[in-house]
Amino acid sequence: MRVIVIGAGLAGLTVAWYLRERGADVTVLERHAGPGLDCSFANAALQHPSMAEPWNTPGVLGLLLRNIGRTDSHMLIRLRALPRLLGWGGRFIRASRADRHFANTGKNVLLARYSAGLMRELRERARLQYGAYDRGSLQVFRNDEVAASTLAWVRQLAQFGLEHRTLSVAQLVAEEPALGPIACDLVGAIHMPQDCGGDAYRYCCAMAARLQERGVKLQYGVSAGRLHVSASGLAQLSDKGAEPWTGDAIVLAAGAGSAALARRAGLALPVQPVKGYSITAPCIQGVLAPRIPVIDDVLHMAAVPLEAGGLRVAGTAEFAGYNREVDPQRVANIVALLGRLYPDYARALSASDIRPWAGLRPMCADGVPLLGATSIRNLFLNTGHGHLGWTLAAGSARLVADQVMGCAPDIDPAPYALARFSGPR
């Protein structure tokens with residue numbers, strides 16, 4: 001079976017691996033000059049089943065309206081993006097109803113736990129070196145109200161298999177001594193042992209090399225044009241000035257570009273780009289380096305150590321259409337937040353130490369990814385993961401590959417299928 005995978009990020013490369021394992025002849029097409037150069041490049045470097053809930057939490061509409069145009073907000077809507085959000089936004093808001101949000105969180109957690117087990121197997125089987133480590137993550141609390149609400153939420157999620165351990169401030173500082181300088185500002189924490197760190201870009205580079213060793217063809221610099229699936233099931237992808245690529249199936253794993261490509265095939269996807277920011281900073285001599293990923297819900301940020309050295313700090317969601325520009329004000333906000341979490345480290349950084357980045361997350365309207373078959377014969381999806389692309393990478397890819405190759409999936413694919421949007425609202 002010949003399969004064309006569009007996209008050489010986390011989603012595309014990982015599905016290519018599972019397709020090849022099942023005997024498919026796989027070609028991966030990527031518009032960039034190499035693997036992992038889009039949203040996979042500098043994400044939070046954390047796989048986090050513990051925070052798999054969709055971003056459209058109950059009350060999100062009021063939050064968004066209050067923060068239109070506010071560059072200091074963790075969730076920002078740019079005015080110019082409003083027109084394109086109207087239809088998608090209605091679905092986004094409807095899915096924020098408490099019962100729907102909890103149900104969708106459960107879908108994501110189940111897929112995240114499945115993905116975590118597969119990623120460990122894949123790491124060993126493919127001999128992938130990407131700075132992975134299994135130390136869990138810490139969610140810190142700055143007041144009793146946040147502690148109580150977070151603990152209540154985490155206990156609810158225990159029914160989906162999530163584990164946690166509560167920590168006093170003293171226990172927290174023992175786990176992560178770099179938090180010592182702000183211990184007086186904290187009231188406790190939880191440790192989430194199922195989370196793990198790892199550099200997604202390094203993973204993409206390592207996976208691309210393994211795929212080439214296994215005979216998968218990776219072609220870069222390809223600007224995919226028109227998708228077409230004939231009545232006989234032959235899938236074709238055209239590119240300007242090149243011979244079309246043909247196969248028995250196409251997997252659309254092009255991140256934020258997936259919706260535009262699908263439209264060319266006559267398929268509407270409820271996916272919009274949401275810009276996320278990160279900064280990467282080096283280890284500083286004489287300053288205690290963090291060793292465990294830390295999530296601060298009050299600050300809406302995550303600070304994740306990189307095994308190669310340094311720290312990745314991520315936060316903010318920005319609805320700005322397909323604008324990929326790095327806004328200096330948004331970067332400055334993240335740097336300021338870092339100063340509230342690791343003040344000694346932040347003070348020791350110079351402007352030249354900080355590498356800012358912004359990427360477009362492909363966000364499905366209900367916060368659950370779009371995986372598997374579509375109404376178009378032999379066109380499959382692996383997109384719409386939002387902030388969970390790294391967390392769900394292996395599980396999503398396996399689920400999609402199983403469907404492409406006609407194998408029985410390990411988990412029910414229905415909750416992740418595009419068909420869920422064709423039913424009653």
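Begin this tour of a predicted model by selecting Val-5, Leu-19, Leu-122, Tyr-203 and Val-251, the residues that touch the most other members of the largest nonpolar core, which has 55 residues. Next, colour the elements that each give two or more residues to this core: strands E1 (2-6), E2 (25-30) and E13 (249-252), together with helices H1 (10-21), H4 (98-125), H7 (200-213) and H11 (393-404).

Centre the view on Leu-122. Leaving aside residues up to four places away in sequence, Leu-122 touches Thr-14, Trp-17, Tyr-18, Arg-127, Leu-128, Tyr-203 and Met-207. A second core, separate from this one, comprises 30 residues; Leu-167, Ala-178, Ala-281 and Leu-349 are among them.

Now display H4 and H11 alone. Their axes lie 6 Å apart and the helices pack at an angle of about 95 degrees; angles of 65 to 115 degrees count as roughly perpendicular, and the two helices are therefore described in that way. To see the contact, select Leu-111, Tyr-114, Ser-115, Leu-118 and Met-119 on H4, and Ala-393, Ala-394, Gly-395, Ser-396 and Arg-398 on H11.

Finally, move to helix H3 (residues 82-94). At 1.5 Å a residue, its 13 residues should span 18 Å, and the end C-alpha atoms are 17 Å apart, in agreement with that expectation. Trp-88 is the centre of a kink of about 50 degrees in H3. Trp-88 is also one of the buried residues of this helix, alongside Leu-85, Gly-89 and Phe-92. To view what covers the buried residues of H3, add elements including helix H2 (60-66) and strands E4 (75-77), E14 (271-281), E17 (311-319) and E18 (355-364).

Terms used
Residues numbered from 1 in each chain as written. Predicted model: local features only at pLDDT ≥ 70, side-chain atom pairs only at ≥ 80, totals over all residues. Heavy atoms only, no water. Helix = DSSP H or I, 4+ residues; strand = E, 2+ residues; numbered from the N terminus. Expected span 1.5 Å × (residues − 1). Bend = angle between axes of the 7 residues up to and from the residue. Buried < 20%, exposed > 50% of the residue type's maximum accessible area, 1.4 Å probe, protein only. Contact = heavy atoms within 4.5 Å. Core = buried A, V, L, I, M, F, W, Y, C linked by side-chain atoms within 4.5 Å. Axes fitted to C-alpha atoms, helices over the stretch in contact; angles between N-to-C directions. Parallel < 35°, antiparallel > 145°, perpendicular 65-115°, else oblique.
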